[in-house]
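Dear colleague,

Please find the structure below, handed over for your study. My notes on the ligand site and on one part of the surface follow it.

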Amino acid sequence: MRVPFSARLGWPAPDNELSLLRARRRELGLPILDFSESNPTRVGLREPSRDCGFLLDPANARYEPDPRGLIRAREALVADYAARGRLSPARYGIRLPRAQDVFLCASTSEAYGWLFKLLCDPGESVLVPKPGYPLFDYLAGLEAVEARPYRLEYSHPAGWRIDLDSVESGLSSGGARALVLINPNNPTGSYVGRSEREALLELCERHGCAIIADEVFFDFPVEADEGGALAGEGRSSFIGEERTLCFVLDGLSKRLGMPQMKLGWIVASGPEGELREAKGRLEILADAYLSAGTPIMNALPGLLASSESFAAPCRARLAANLATLRSVLEGPSSPHRVLRCDGGWSAIVESPRLLPEEGLALGLLGEEGLMSQPGYFFDMEREAFFTAGLILDPRTLERGARAYAAYFERLMSP
Ligand SMILES: Cc1ncc(COP(=O)(O)O)c(C=O)c1O
């Protein structure tokens, strides 16, 4: 008799022509330019020698297990949040997070898993944004939880907004246990606007729904408004929000461009009684894993103190790359447009649907050696869209944009 497997994992994974073509090109030694690059360790933004020194700290030899993570690391995070002023709007008596509200873990992906276990029984649901990064569907599926979409809508040049009716129907008809807000969302780059935030909090309070606010890209505002003000300056964090149970996620992956160091965190807030119970339950869960590593927790205070040495050049690169993308791909007679990008590391390019998106993606890779994630990957409602990684080395991004434009020009020429 065969051993049965859990239905959480679909297997065999369906064949994807794009990944087969990429594998073939690799085997043949043909060049590939990853136009949607999102790995910060591949784009020359960090100095490798500086990053590894902290592993030699003698304090790393001691093991002091604490379900929430080392207290000095949590205190450093709380001080960092206060220093950045990354707080929810004060008018509702927002409280500064305390070290006891912080839970350290290996990554924000793991934090999602913990929170889905905390909030949902198998078969229950959470609401996730569409378009959005597909990771959250997998993470929910792994906890036997259903990820149900709410819509984001785009209008040019104003940008993205949340379809509040789709959130409301998910809460009232489906009884979702958590609303996942990606602030700003990947790849749409849209922050939760202030009026959206009020409406969402009211809905969550009314329906007894927790908020999971993923703020991994929060410190990377990009797009400038007319008049020069950064659109991102109107952004507001969910840190310390007390109207409903709220869990803010962040980590070193994006904040410091160090995904390989594996440190993420949850900052919990909410009405006092519910918050106490949530933290008690989360502590039991975290104690079962104790997953944050001692060396990286010991290094956290120093890393946070020097975080601008990564974040500032990264922000400058994002803005410069977006400008390059616009100058190469937009113009009076250009068939392309770059969607508004308020924040984050990706831009979305809209192009004519001369072929179905998969055909375009195969053509870009086969003819130009350009690998770009198509819009269907993120559940865009229409075609054709592709993403560009704004953290790319600027020369590589420009080369990629020119190859992208050349491919479409060839397709359109009679
Ligand atoms: C919005 C968002 N949150 C979380 C993650 C996962 O980050 P981590 O490396 O901390 O698991 C990603 C990965 O790209 C992401 O795009």
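By class, the shell around the ligand comprises 6 nonpolar, 5 polar and 2 charged residues. Here Ala, Val, Leu, Ile, Met, Phe, Trp, Tyr, Cys and Pro count as nonpolar, Asp, Glu, Lys and Arg as charged, and the others, Gly among them, as polar.

Please note that this is a predicted model, in which local features need pLDDT of at least 70 and side-chain atom pairs count only at pLDDT 80 or more, while totals for chains, interfaces and linings use all residues. Residues are numbered from 1 along each chain as its sequence is written, and side-chain values use heavy atoms, with hydrogens and water left out.

Three side chains offer an N or O atom to the ligand. That of Thr108 lies 2.6 Å from a ligand oxygen atom, and that of Asn186 is 2.8 Å from a ligand oxygen atom. For Asp214, the partner is a nitrogen atom of the ligand, at 2.6 Å. Taken alone, the ligand exposes 400 Å², of which the protein buries 90% (Shrake-Rupley method, 1.4 Å probe; for residues, only the protein chains shown count as cover).

Helices H4 (108-119), H5 (135-142) and H8 (252-255) each supply at least two residues of this shell. Helices are DSSP runs (H or I, at least four residues), numbered from the N terminus.

Elsewhere, Met412 belongs to helix H13 (residues 394-412). Its relative accessibility is 39%, so Met412 counts as partly exposed (between buried, under 20%, and exposed, over 50%; 1.4 Å probe, protein chains only).

Yours sincerely

How values were computed:
A polar contact is a pair of N or O atoms within 3.5 Å; within protein, one must be able to donate a hydrogen and the other to accept it, and residues adjacent in sequence count only if both atoms are side-chain atoms.
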